[in-house]
Structure formats: C-alpha cells, structure tokens
Amino acid sequence: MRPLLDRGVEMRDPLIDTMLAAYLLDPAVARYDLSDVAGRYAGLDPPAHAPVEGRLDLDGDAVEPAEQAGWAVLAIDRLVAPLREALAAQGLDRLNDEVEVPLVRVLARMEHIGIGVDRAVLETIRDELDTEAEDLRREVLADAGRDINVNSPKQLAAVLFDDLGLTPTKRTKTGFSTDAQSLEKLRGEHPIVDHLLGYREVEKLRSTYGVGLLAEVGADERIRATFNQTVARTGRLSSDAPNLHNIPVRSERGRVFRTAFVAPPGHKLLVADYDQIELRCIAHLAEDPGLIAAFEAGDDIHTATAARVFGIAASEVGVEERATAKMVSYGLAYGMEAYGLAQRLNIATGEAADILDAYFEAFGAVRQYMDQTVAEARSKGYTETLFGRRRQIPELASPNTRLRQAGERQAMNAGIQGLAADIFKVALVRLDRALEDRGLASRIVLQVHDEIILESPDAEIAAASELTRDVMRGAFELRVPLEVDLQVAATWAGAKG
C-alpha cells in the first residue's frame, strides 16, 4: 500500500493479508515472511535464487523480479484457503476481517502522511545535548584522574573498582559489571557515579534522538515512521525507523523532543489519549466491585486504591501512598510480582509482598481473575482476549521453574494488554473511517501507546475533537466508562507537556 500511495494510488481493504493471518494464528513466531508462511501452511518453497520478503518489490531492483513476483502471486493464491480455514477454526476470522486487515490501510496512510517536525528545534536540542554530553564526559575523566574511553566497560571497571576502590555489585564473564543497575547501587560512593550515569543518559538521548531523529526528517520537513502489527505478542502496535513510541517522557531532558513535533500553519495537533485503559480493562475482566465503583464514581483511581490498600481515608492519602498504589496497579497489568515491585520502589521484597497481599485483600476479584487466567492458560496452552486474540504460552509447561513463572506472568498480562490493544485498534479503524465519511480534512498522523495524534485544520478542531472523543469512547463497552483525555496545541509538547 505504501509504494502505491507514493504513486497516488489508494487501495481499499484487502480480503486477507497473509503475514497478518499467520501472526494472528501464532504471534510467537519470529518470522512471517511470505516464504516462511508459504512453506508452513501451503508446503510451497520459493525459487532458490529469488529472495522473497513478503512484499512485492515495486522498485524493481530485486534479483529476478518477474520470477519473484510470479512466485509471490502463486504463494498467496495457495495460502488464502488454508489461512482462512485456520482463522475460522480458531475463531479469529472476525478479529482478522474487522480489526487487523482494515488497520493495514490506516497505518499505511499514517506512514505516507508522516508528522511535521521543526528541524531547527531538533538541531538546537542536538547541539545542547552535544555540549552537555561533552561536559559530563570531562567530569568523568576528572573524577577518574586519567584519560579513558568512558564508553568502555573494561576501562570503566578498572577505574571504578581498582583505582577508586568502589564496591562491585555484579560479576560478568569479563569482570565486574558497570551497567546502569550496578551503578545505581553505587550512588553516593563517589561523584564519578553520578557523572557517569548523567553522561550515559544524555549521550543516549543525543545519539538516539538528537542525531537519530534529524536523520529521518524528509525534504518536506516530516518524519515517517514504520508501524508494525506483527511484532508484539500481546497485539500492541510498535514503530521503528524511527521508533517514535520510545520518545522519552519521564525526564525533562527527554520530553523536550516533543517540542519539535509540530502542526503546519493553519493547523493544530489534536492529541487524544485513553485514560488508564489497562486499569479499566482489569476492572472489567476481574469484575471487581471496588475498582468498578471507583471508576464509575470518577474517583482518582490511584488515590482510591491507596486508601483501600493502606486502610486509610482517601483524604489522608499522600503523594508516596498514591505513587505506590499506582506502581502496584500498573505492575499487575504486566504480571509484576513482589521482587519486581521491590526493585521499582527500592524497598525490601518482603515489604513489597505485604503491599501486594494488601492489594489483593482489598481487590479480591483481581486475585481470582489472575489465578483463573493462569489456570486456563495452563490447561489450553494459550490465553484469549475478549476479541478472540490468542497468545500461545509454551513456557507454562516448562520443567524450568523460572521459565514457568515467566509464563505465568505472561498469562496474567496477556488478556489485559491484549484487550487494551484490541480496543485501541478498533478506535483507530473507526476514527479513520469516520473522518473520511464526514469529509473532514483532519487526518491521523501518529499513534503512540494509547495516544492518537491528529493533524487538524483550525476550522475543524471542534468537529474533529467531538468525533474523536465519541469514537474512542464507543470502541468497546466495558463495565466502566472508557474516558479520553483530549488536548489541542501547536506542538506535541504543548498538548502533552
């Protein structure tokens, strides 16, 4: 679709996409190239000398293009029947036909349009990071007392543990570790640790985003990422070249990159974000009366959770209690256990276990849902979302305890993450269709996690905002309201901070 869009030709939705169908049938497979799928489902091997990567090569620079294209057509023809039969057998045909396949066109249009950026702002950010990284590198060298390559783990280890006598925390095959986790445990022992951690943070931002994003800016001052439907096992979308999903948001240094994403003159960016969709999915799936009541009342869910967990009134919940409750709630969506919570809160594992026990005592239906989900997944070998999306979890049958526990965590989060992903995809498809049906010039230019970003003419802001809210709220009927936070600004940072 992308090469055709570049040539002014817009395809309608196909009946099937062989890569997507194969992904839905088994999201754990590493490859979905046409040659792999054809061999797996149709027993058809590609010509030995013609590399086939699942897409027609419209640029015509592949080896034996006519034979490659001919084999691809034959393979697709042979695949349609067995793939459709397999989808129907697993109850996946509706998810395929109504969600995943229509989404292909939405994503292709997003990739074709791209999102506007201010090159000058990106260059300023890069230059500031260049200066900051160099200043921190010099601080590290001054602390070390000699010239070293600050990016060399071996040289760093020699300075930290031999020259300065700091306490090593983890040994690797090549010596003591200087990774971020090890360095965090050394904070306060010597100034070099803070300078080194600061340098690494700034250098990563500089190289990955300061330099990396500039390299992706097109001649029309827009960046075009690639969106992937067949990467995440939970059904979540991902992006690469560049990965706009990983634009940092937790640090002020990272958030500054959002100032470079801009709307063209006469337009604004409309940023719509599902509010706590994973927690709402937990409330719905577990049918927990406490969570449902809090969401229905419009309470701050983290304050309400903290009050129940710590046995205090909502008015007595402080910043620390709320932050802990928030960490527990979101951690559960990823199958987090006591050790993981302890690491995130920097507390003892026993204390973390007590907090989790208190949570499950307060929200008993959540514990029942988690236990039931793992038991069903162990029995079936897979989890299944309300939309029918399956995820095979062979680790549940492993004799290895750690692998089996990892499988249990996957089972706990698959239904929650998968439902959230399905709802979001439905919203994307319906919103794109609704904008087209209404004849609006507003268009979806980016999605990041639970955010949909539209580029909207100033005259359409009100209409596009109302339509976006309505479509996103109505994407699926949960036991609790689906709420949408919607902001309008000239830049991504202006909308999201």
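Q: Before we start, what counts as exposed here?
A: Exposed means over 50% relative accessible area, and buried means under 20%. Partly exposed is in between. Keep in mind that this is a predicted model.

Q: OK. Glu 287: buried, partly exposed or exposed?
A: Exposed. Its relative accessible area is 52%, and the cut-off is over 50%.

Q: What's its phi?
A: Near 50°. That is a positive value in a residue other than glycine.

Q: What do most residues other than glycine have?
A: Most of them have a negative phi.

Q: Where does Glu 287 lie?
A: In the loop between helix 11 (277–286) and helix 12 (289–297).

Q: Which other glutamate has a positive phi?
A: Glu 221 has one, about 60°, although it is not a glycine.

Q: And where is Glu 221 placed?
A: In the loop between helix 9 (191–215) and strand 4 (222–223).

Q: How exposed is Glu 221?
A: Partly exposed. Its relative accessible area is 30%.

Q: Switching to peptide bonds. Is the one from Ala 241 to Pro 242 cis or trans?
A: Cis, with omega near 0°. Most peptide bonds are trans.

Q: Which loop holds Pro 242?
A: The one between strand 6 (238–240) and helix 10 (252–255).

Q: Now sheets. What's the strand order in the open sheet of 4 strands?
A: The order is 10-11-7-12, and the pairing is antiparallel.

Q: Which strands stand at the edges?
A: Strand 10 (443–448) and strand 12 (484–489). Each has a single partner strand, so one side of each has no neighbour in the sheet.

Q: By how much are neighbouring strands turned against each other?
A: By 20° on average, direction ignored.

Q: Back to strand 10. How many bridges does it share with strand 11?
A: Strand 10 and strand 11 (residues 451–457) pair over 5 bridges, in the antiparallel sense.

Q: Who is the bridge partner of Leu 446?
A: Ile 453, in strand 11.

Q: Last topic, the largest nonpolar core. How many residues, and which touch the most other members?
A: The core has 142 residues. Tyr 274, Val 366 and Ile 423 touch the most other members.

Q: Which helix gives the most to this core?
A: Helix 18 (residues 401–437), with 14 residues.

Q: What does Ile 423 touch?
A: Leaving out residues up to four places away in sequence, Ile 423 touches Tyr 274, Ile 277, Cys 281 and Phe 387. Ala 475, Phe 476, Leu 478 and Leu 482 are also among the residues touched by Ile 423.

Definitions and conventions
Residues numbered from 1 in each chain as written. Predicted model: local features only at pLDDT ≥ 70, side-chain atom pairs only at ≥ 80, totals over all residues. Heavy atoms only, no water. Helix = DSSP H or I, 4+ residues; strand = E, 2+ residues; numbered from the N terminus. Buried < 20%, exposed > 50% of the residue type's maximum accessible area, 1.4 Å probe, protein only. Pairing = 2+ DSSP bridges. Axes fitted to C-alpha atoms, helices over the stretch in contact; angles between N-to-C directions. Core = buried A, V, L, I, M, F, W, Y, C linked by side-chain atoms within 4.5 Å. Contact = heavy atoms within 4.5 Å.
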